[in-house]
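Colleague: I am new to this structure. Please show me how to read a few of its features.

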Amino acid sequence: MKTIFKAIFLSALLFFGLDAADTTPQKVSIQLKWKHQFQFAGYYMAKAKGFYKDAGLDVEIKEYQSGTDIVKDVLQSKSTFGVAYPNIMLEKDADKNIMLLYALFQSSPHVLVSLKSSNIETIKDFQNKRIMISKIAINTASIISMLISKGVDFKTLTILEPTYNIQSLLDNKTDITTAYISNEIYKLDKMGIKYNIWNPKNYGFDLYDDILFTSQKELKEHPKVVELFTEASLKGFEYAFSHIDETVDIILKKYNTMHKSRDALIYEAKVLKKLAYQGVDKLGKIDKHKIQRIYDLYNLLGMTKYKIDLSKFIYTPTNLPILTNKEVKYLQNKKYITMCIDPNWMPFEKIENGKQIGLNADYFKIFENFLQTEIKLIPTKSWSESLRFAKERKCDILSLAMETKKRKAYLNFTKPYLKIPIVLATKPDKPFIADFSTLNNKTVAIPQGYAFAEILKLKYPKIDILEVKNIDDGLQKVIHDKAYGYIGTLASIGYSFQKKFTGELKIAGKFDGSWDLGIAVRNDDPMLFEVLQKAIGSVDEKTKQHILNNWLSIKYEKGVDYGLLWQVIAVFSIVLVVVLYFYIKLNKLKNEILQQKEEIALLALTDYMTKLYNRRYFTQISNHLLHLAKRSNKPLSILMLDIDDFKKINDTYGHKAGDDVIISLANTLKSISRESDVVCRFGGEEFIMLFPNTDIENSSKIATKIKNTVENLKVQSAKDTICFTVSIGLGKVLLQEDKTIEDGVKRADDALYMAKENGKNLVCIHEKREKICLQD
């Protein structure tokens, strides 16, 4: 009996001992890339607020010490994680097994600064000047590319070892210095000293910064630790940026080795918050294409040796959000969730035959499936009634709503899952609006109860707001001169233009910011809020894009005059480009709205139909690539492509079929092109491609592959199967002779003309003086 009891006792001891071991926090460490300051506040707050502890982690935060090799320490497991500069990819190029986890800053705070008194007015004035710049900064593609793009050779600069103190600039020990716009600029402003900032972003070279990374070994051996640390750290930054005063208190108390003042830390926080959230709805986003463009810059600068496999370089969390047992039980007891929507707000949502339809209905099918809980629609007649029902608790949630101070009294708001540009629609005879203060004393319509009305009244109190029933009511009032304009989302107004108001109205301006829309949840039910947050997190980017494409692409119907429709679309596109042009010009003059520049540029640089870059993007990027190719003395080739007999396709099968042919060709070009290639729709049925670091011989192989692939394409139309061919012209860029990229484009265009003249479905080449057509 004693033996049995002893065995039971030892088994119990072993069992409870193992359980205790499992709950011991996992020790990990993170090596910072600089001294303690708000830049790393997310790591401090994740520790202070228990986010790491909740994830089962015991985290050591290591301040940077002179001589620390962050990558080496992580690879040798001296540190589990590291924070890196954008040149981290050069380490990967050196075949070091690292993995990027997230990029905190979507735009780098790293800039160059000179004093106004130095009389340095342009980057070209840098020639023969002294510059304090570290080796890391010299190897930062954005800074070196900015200088090269303006014809500045590093050999003409006197490179000085940085003191990391702005006083060196004031004491005339240097003419130019590297700086962080979140740190040194504050000191100059505080002293009232005038200066110039040379920001690579303003010259088209925009890089990530503060990139969290780990070793592939760590990811392979402890994938859950990597995922938990990443999530907890980002949660820490979300908290830090939302609670700046509290975070500054903790830094002053525990981490202020830089001896910064409270004001300096708050200034730093506000600047870095803008850079962290710039153009994204989620902290830490790493876009594969942006990483590729950064690598391409390094490649053109001659700083790389091998091609990087991005799938082995950028971390993708494998686990979607998971409901806890407590949350599952809560939903089982609740049985269903009641929902109110905007009954007339297409393409987002609408009540039709007692059901929700539209873009948002597709989201809620996914949410319902994730929660395994029915979401019941409570019918309402207007958005105002939906708001009233939410306030009266007749519905648990509002499906798509923007946070306002008034609504916060009775609702909580999930993270946004839609961010939509806000625009002004007017009659065609009204002028374009670049400054919305010019709408003072004019009547502008907006649906009753919409959140943007509150914002508008505060920002532009002299605008006369006319609340209307819905978008149709508002646009009708504009047509009948009862309102100067209507304010709404670009998507909903564009949808209405296509369905009901073709040619009667136009887009006359774009507002700052966007309509950030999430789920509004009754604020007396925190568990419901948490499960809906997870439901939103369960939708990946590919699914989001698929939903948007389904609803925001142009729908064709029988009986439509396609010729007229295309004219309207063309005019609409021109209007958008002009509006965006004015805003880009305005953003260059007003640094406080610099964030909007990227959002506007995105609309202007992408071809709506094919999702390829457009001619404007080609013009913007091509001369940068030419400068870089000249400096690195690496070949650059241009391909121009035109669909043969495209008019005949349109005339025979219709414009819809012609569009399908263009889209099919665009997808083919994307699939054949390499990561470093630039593919653009040049106009109509004409496309252009740039091949960096590629000579004519290798470019011709790509061109031949494109021609042969297109020959075998089949596009199904309503009438028949369409087969088509393309003619291709290749132009060699002469690095020693060409002053602009247009010289190379002309050679490609001449070669394309030769392909057409010689029977079409050919690849022709124009090098320096020689012109030839390739034979199969």
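Modeller: Start with a definition: helices (H or I, at least four residues) and strands (E, at least two) are DSSP runs, numbered from the N terminus. This is a predicted model: local features need pLDDT of at least 70, side-chain atom pairs count only at pLDDT 80 or more, and totals for chains, interfaces and linings use all residues. Residues are numbered from 1 along each chain as its sequence is written, and side-chain values use heavy atoms, without hydrogens and water.

Colleague: Which strand gives the most to the lining of the second largest pocket?

Modeller: Rolling a probe the size of a water molecule over the atoms shows where empty space is left. Here, β8 gives the most to that lining, with 4 residues. Lining residues have an atom within 4 Å of a point on a 1 Å grid over the protein atoms alone; a pocket is an open set of points where a 1.4 Å probe fits, with protein on both sides within 12 Å along at least five of seven lines. Of the 42 lining residues, the closest to the centre are Lys33, Tyr85, Ser134, Ile136 and Tyr164.

Colleague: How are the strands ordered in the open sheet of 3 strands?

Modeller: Strands of a sheet pair through backbone hydrogen bonds, either parallel or antiparallel. The order here is β12-β13-β14, with antiparallel pairing. Two strands pair if DSSP finds at least two bridges between them. β12 and β13 (residues 349-352) have 2 bridges. Trp345 stands opposite Glu349 in β13. The edge strands, β12 (344-345) and β14 (355-357), each pair on one side only.

Colleague: What follows α13?

Modeller: Gly279 does, with a positive phi near 75°.
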